[in-house]
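Colleague: I would like to go through this model with you, beginning with a pair of residues and then moving on to other topics. Could you take me through it?

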Amino acid sequence: MVAVSAVAALTARMGFPPRSIFLASLGAGLPLAAWTLSLSWGPVRKILHALADGVRGFQDNDFSLRLSVDRDDELGDLVDLYNQMGDALRLERNEIYQRELLLDSLLQGAPMAMLLVNEADRVSYANIAARQLFGGMRLAGRTFAELREAAPAPAREALESGADAVFSWPRGGEPGRGAGDPQGEEDETYRLLQRRFHLHTQENRLIVLERITPELRRQEAEVWKKAIRVLSHELNNSLAPVSSLIHSARHLAGQPGDAGKPRLPEIFDAIDERVRHLSDFLDGYARFARLPLPVRRPVSWPALLESVGRLFPFRPGGEMPSETAFVDPVQMQQVLINLLKNAAEAGGPPEEIVVRVAREKSGGWHLEVLDRGSGMDDDTMRKAVLPFYSSKQTGSGLGLALCSEIVRAHGGALRLERRVGGGIAVVCDLPESGEAPAFS
């Protein structure tokens, strides 16, 4: 201001007009004002640049940069707020990281196999159990189609269905396990759970494969104990009256003359009725225990299904194949009767009972019996194929178990799946031909 005033006074004494005096004063004051402004704006600009670098660090998940500025104005408050926000974000990130480590430790140590498949149908996460199930191969980054192809047929079909299922995984058919493996003598049973969810706006699929063979063995032992109790109870219920009736018959036969003889036919009829009831009861168990090897011969699917449809009506699910199947017609008819009977008793609409038969790419057959009944809970689904297990009050527990044994005798596999919208799908995968396994 002093310099500007001096210039104005000097130009006035020299007789310059007022306009010239103003321009001269302005020319002298602008450089000075610019110099003064740069002195005060420089620190502010440095702080703003530092704040911009810190925010870019936040964007890259780097919360370590802190600013040290000793100012009591609004800019100092802004820097203090930035430092507080950085501390909060770093603390929150550390907590999230610790939770992720804990979750990963739990998942890696879980006994069930877990896979996470992203929107591009590639495996983005797999725990140790999943890698062991697929022969120890690296799973992350592989396409889910590769894993399906590496799995045996029952597992592949279940994984392709997109629904929950229970199926058998042949031990000799596991990836990385040879057919001569000493542990390959018995199939493993797995329960499959598939769930879809969104993560970061992208759809992902969680696949859980739980080995339930030990649990099934324990439950099978319990079922056998129950079967023995049922057999003992039924035998006692039949033999005790028979014994009493025989005692009465002897007493009447020992009476003099013909006094007791008119009642003997009635007693013999009662004995015959109890013996037939006991014979029918034991025959159901004997059929399961003495299931013969299938006698295969060419069979027409339309003819086979037509014969069953007269007993239990159903709706065909598409066109029936014209090719013949190489199966035991009597045993396959028994499978269809049992499955259709279960579907009819499931409580769904009769017109929703559907049978589908399709040709597999491998040359085998894919048979499905579908219903829209009440379905099964997890516990029932696990136990459904066990012998003598039944969720019905009057059920023998032999229907699904017998179907599973017949399908296995044909070299195939039976599995259960929940249907979207309710109901159950019973799926039988049958090979084109081959020798049936021997029964002990």
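Modeller: Certainly. Arg191 is buried, its relative accessible area being 13%. Please keep in mind that the model is a predicted one.

Colleague: Which residue does the side chain of Arg191 meet in a salt bridge?

Modeller: The partner is Glu210, with an N to O distance of 2.3 Å. Glu210 lies in strand β5 (residues 202–211) and Arg191 in strand β4, so the salt bridge ties together parts of the chain that are 19 residues apart in sequence.

Colleague: Is Glu210 buried or partly exposed?

Modeller: Glu210 is partly exposed, at a relative accessible area of 21%. The cut-off for buried is under 20%, so Glu210 falls outside that class, whereas Arg191, at 13%, falls within it.

Colleague: Which residues are linked with these two in a network of salt bridges?

Modeller: The network links Arg191 and Glu210 with Asp164, Arg195, Asp378 and Arg418. As background, side chains of opposite charge can pair when their charged atoms come close.

Colleague: How many salt bridges does the count come to?

Modeller: The count comes to 17. One of them joins Glu345 and Lys341, whose side chains meet at 2.9 Å, N to O.

Colleague: Where do Glu345 and Lys341 lie?

Modeller: Both are in helix α10 (residues 329–345), with a spacing of 4 residues, about one turn of the helix. Glu345 is partly exposed at 42% relative accessibility, and Lys341 is also partly exposed, at 35%.

Colleague: And what about Glu146; with which residue does it form a salt bridge?

Modeller: Glu146 pairs with Arg142, and their closest N and O atoms are 3.2 Å apart. Glu146 has a relative accessible area of 38%, so it counts as partly exposed; Arg142 is partly exposed as well, at 30%.

Colleague: Let us change topic. How many disulfides does a search of the whole structure find?

Modeller: The search finds 0 disulfides.

Colleague: Why is there no bond between Cys403 and Cys428?

Modeller: The closest cysteine sulfur to that of Cys403 belongs to Cys428, and it is 7.0 Å away, which is too far for a bond. A disulfide would need the two sulfur atoms within 2.5 Å. Seen from the other side, Cys428 is in no disulfide, and the nearest cysteine sulfur is that of Cys403.

Colleague: Are these two cysteines buried or exposed?

Modeller: Cys403 is buried, with a relative accessible area of 0%. Cys428 is likewise buried, at 0% relative accessibility.

Colleague: Now Asp429, please. Which strand holds it?

Modeller: Asp429 is part of strand β12 (residues 424–430). Its relative accessible area is 11%, so it counts as buried.

Colleague: With which side chains does the side chain of Asp429 make polar contacts?

Modeller: One polar contact is with the side chain of His366, at 2.9 Å. Another is with the side chain of Arg415, at 2.6 Å.

Colleague: What else does Asp429 touch, not counting residues up to four places away in sequence?

Modeller: Besides His366 and Arg415, Asp429 touches Glu157, Glu360, Trp365, Val407, Gly412 and Ala413.

Colleague: Back towards the network: how far is the C-alpha atom of Ser161 from that of Arg418?

Modeller: The two C-alpha atoms are separated by 10.0 Å, while the residues are 257 apart along the chain. Ser161 is found in helix α6 (residues 153–161) and is partly exposed, at a relative accessible area of 32%. Leaving aside its neighbours within four places in sequence, Ser161 is in contact with Gln194 and Glu417.

Colleague: Turning to the surface, which residues form a nonpolar patch?

Modeller: Phe197, Leu199 and Leu206 form one, and together they have about 220 Å² of accessible area. Leu199 lies in strand β4 (residues 188–199) and is partly exposed, with a relative accessible area of 39%.

Colleague: Finally, what does the chain as a whole come to in secondary structure and surface?

Modeller: The chain comes to 12 helices and 12 strands. Of its 440 residues, 38% count as buried. The accessible surface is about 25900 Å², and 56% of that belongs to carbon and sulfur atoms. Among contacts with a separation of 6 or more, 58% come from residues 24 or more positions apart.

Key:
Residues numbered from 1 in each chain as written. Predicted model: local features only at pLDDT ≥ 70, side-chain atom pairs only at ≥ 80, totals over all residues. Heavy atoms only, no water. Patch = residues over 30% accessible without salt bridge, like charges linked within 9 Å, V, L, I, M, F, W, Y side chains within 5 Å. Areas by Shrake-Rupley, 256 points an atom, 1.4 Å probe, with all protein chains shown as cover. Salt bridge = Lys/Arg side-chain N within 4 Å of Asp/Glu carboxyl O. Helix = DSSP H or I, 4+ residues; strand = E, 2+ residues; numbered from the N terminus. Buried < 20%, exposed > 50% of the residue type's maximum accessible area, 1.4 Å probe, protein only. Polar contact = N/O pair within 3.5 Å; in protein donor to acceptor, adjacent residues only side chain to side chain. Contact = heavy atoms within 4.5 Å.
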